[in-house]
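Colleague: I should like to go through the side-chain packing with you. May we begin with the aromatic rings and then move to the interior?

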Amino acid sequence: MTEAARQEYHSGWTRPLEVVMFLRRLGVVCAALLAVAGLVAAPASADLQKPSQQWLRDSQAGLFLHWGMRTSPGYTSCSAWEKAITDGGWSPAYWVTEAKKLHASYLVLASFHSRLGYSRAWPSKIPGSCSTKRDFLGELVAAAKADGLKVILYMTNDAQWHDEGGHEWLDSAGYSKYKGKTVDLDSQDGFGQFSYDNFFEVMKNYPDLGGFWIDNDNAYWESHDLYRQIYQQRPDYLLSNNNEDSPIMDTISNEQKTGMTPSYDYPQATYTAMPRLTEACFKLPDTGSWWYGGSNPPVNKALNLGRLVTNSGSSIKSLMAETAMVNGRFPSNQEAFNTFAAGYLGPIAESLDGTEGAGYLYGGMQPGFWNDGAHGVITIRGATQYVHVLTKPSGSTLKIRDNGYRVSRVTNLRTGSAIAFSQGNGSLTLTGLSGWDPYDTVFEVGTTGRTGSYDPHTVTVKASASASDHSGQSASDGDYLTYFDNGKTLPVDLDYDLGSAKPVQYLGLNQREDSVSYARSDTEQSARIKGYQVFVSADGKNWGSAVKSGTLPSHRGVQFIDLTAVTTRYVRLRVTSTYAASSDSTRYKRLRIDETWVGSAYATAG
């Protein structure tokens, strides 16, 4: 997202988080009612949040279907491909059923794909590539709607694979005759015209479609203002873009990210801050192509269940790709995984469905790397938090930073067994643990409120340097739609004025999640705090020596700096370095912080 777009999205919000969230929900309802009544115009661009996004925000997962003429064994005749589909017994209900096994609430159909013969699995009056007589898309949309699911249509931007496999897949002569002018579909501009026309035909014929999944851009689309026209004609459609965080899109989909440790922790490789609607797109058989090539690779249960859970723990949607065969069915290993997932996810559904990721803007305890090698995420719904232990600790104890939440009870969600726990020094400690699940041990944690930190609206924060419209106070205003930006100045100080001398025990920080959390490449690195110092002062002028210095880990979610308890009026956080190297010119020396707070005391069990 461009800086100008972020500022547009973030302007005007200074309310506490609870009020902001209530007003958002109220605004969604009101906007929807006005739209139905015809009293508001369709949006010309993607707002950060709008009514048409709500169903996807309420979702956890989707099923990605790459399925076209080049699906093995492959066809060069459109009619032969269609006959093989029908003769094989293709049924849209099968895809819907398999999606529900994965707790998916939407399907993305990728048949009009540059590597799959540009196959349009629906009737079309526009010549130029394969178009079936049977309306497979329409049947799928209807079947999904009947079961409460949505269908999004993949649209490719690219003509470069027009002759893949030695066959010409695009019909320039037919399209030129249709347009009454010469158009070369093998060129990017010519293909842009052809695909542009297809967008409008699809919008006209499929009002119940959920939207379009855009595989990058085409210059013709952009010069002809395609996306704004889609929003104007179909304001209930969503637009998602692959790997490009363009503000006109509702969603950014992060495709097949790998290289993180643990390997299942997909969010480490994403770079878009909430509440931007974000999707993680990955292959379930993590080897082979996105489409069926004739093989039956295994599906790694730990990897893919871990991805699904960690994405939920960051409020990221999981778009899981499976390789449908010509008759629509999945290879046996994928079918078996889906059936396993249905049984496995059912008993812990409440910890995923209808929850948000904890440790970020929705509050919650600290996710990520815990004691003795343990790792996992936390999901949250109201006063209940769910601790998902994906990598178990080496011992029988689990220790998690509680972020000021008073814990009243802990149970094993699968067994219902009560878990022994204690609280102290900022942490929740679970003891006597055994019988770990091989994939995801889930503890249900009841809380009775949050304590031990000062209301950010009573704390004044000034920064020694900041970018325009991103002052130090933005890091302590109770609003995650604003943030502090240091303007790439290091070292930088954030000075907190408590108004009078008060107890201080720790600092809590939610840095902006707009970069990866590890060095993914020389040009894609973490823009998080590395070295820091903390000072205290009675008068805001004489600071003396640092009372604490150290290094924060390059991890996602809330982080803490603990101090020896002191009574003081002023606290200074000095950031001396960040993680991104100079090779990443975008993030080098950049620091952005959504929210910070001063802790007065640690929580105790409630």
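Colleague: How many aromatic pairs does the structure hold?

Modeller: This is a predicted model. The structure holds 31 aromatic pairs. One of them joins Phe64 and Tyr154, whose ring centres are 6.3 Å apart. Their planes meet at 45°, so this pair is tilted.

Colleague: Which parts of the chain does that pair link?

Modeller: It links distant parts: Phe64 belongs to strand E1 (residues 61-66) and Tyr154 to strand E3 (residues 150-156), 90 residues apart.

Colleague: Are Phe64 and Tyr154 buried or exposed?

Modeller: Phe64 is buried, at a relative accessible area of 1%. Tyr154 is buried as well, with a relative accessible area of 1%.

Colleague: And what about Tyr175 and Tyr178?

Modeller: Their ring centres lie 6.1 Å apart with the planes at 35°, so that pair is tilted. Both residues are in helix H7 (residues 172-179), three residues apart, which is about one turn of the helix. Tyr175 is buried, with a relative accessible area of 0%, whereas Tyr178 is partly exposed at 43%.

Colleague: Which residues form an aromatic cluster with them?

Modeller: Phe112, Tyr118, Phe191 and Phe194 join Tyr175 and Tyr178 in one aromatic cluster.

Colleague: Where do charges sit over rings?

Modeller: The charged end of Lys283 is placed over the ring of Trp290, 5.7 Å from its centre. Arg414 lies over the face of Tyr344, 4.0 Å from the ring centre.

Colleague: Turning to the interior, which residues touch the most other members of the largest nonpolar core?

Modeller: That core has 86 residues, and Trp67, Trp95, Leu107, Leu209 and Phe212 touch the most other members. Helix H8 (residues 188-205) contributes the largest share, seven residues. Another core, of 26 residues, lies apart from it and includes Ile529, Val536, Leu563 and Val598.

Colleague: How many cavities of 30 Å³ or more are there?

Modeller: There are eight. The largest has a volume of about 150 Å³. Its lining comprises 17 residues, with Thr272, Ala273, Met274, Tyr360 and Glu513 closest to the centre. By class, the lining has six nonpolar, seven polar and four charged residues.

Colleague: What lines the second largest cavity?

Modeller: That cavity holds about 120 Å³ of space. It is lined by 14 residues, and Asp265, Gln268, Gly368, His375 and Arg556 lie nearest its centre. Strand E11 gives the most to this lining, with three residues. The lining divides into four nonpolar, eight polar and two charged residues.

Note on methods. Residues are numbered from 1 along each chain as its sequence is written. This is a predicted model: local features need pLDDT of at least 70, side-chain atom pairs count only at pLDDT 80 or more; totals for chains, interfaces and linings use all residues. Side-chain values use heavy atoms; hydrogens and water are left out. Rings of Phe, Tyr and Trp (its six-membered ring) pair if their centres lie within 6.5 Å; planes under 30 degrees apart count as stacked, over 60 as edge-to-face and the rest as tilted. Helices (H or I, at least four residues) and strands (E, at least two) are DSSP runs, numbered from the N terminus. Buried means under 20% relative accessible area, exposed over 50%, partly exposed in between (1.4 Å probe, protein chains only). A charge sits over a ring if NZ of Lys or CZ of Arg is within 6 Å of the ring centre and within 35 degrees of the ring normal. A nonpolar core is a set of buried Ala, Val, Leu, Ile, Met, Phe, Trp, Tyr and Cys residues joined through side-chain atoms within 4.5 Å. On a 1 Å grid over the protein atoms alone, a cavity is a set of points where a 1.4 Å probe fits but cannot get out, and a pocket is an open set with protein on both sides within 12 Å along at least five of seven lines; lining residues have an atom within 4 Å of a point. Grid points are joined across faces, edges and corners, and a volume is the space filled by probe spheres set on the points. Ala, Val, Leu, Ile, Met, Phe, Trp, Tyr, Cys and Pro count as nonpolar, Asp, Glu, Lys and Arg as charged, and the others, Gly among them, as polar.
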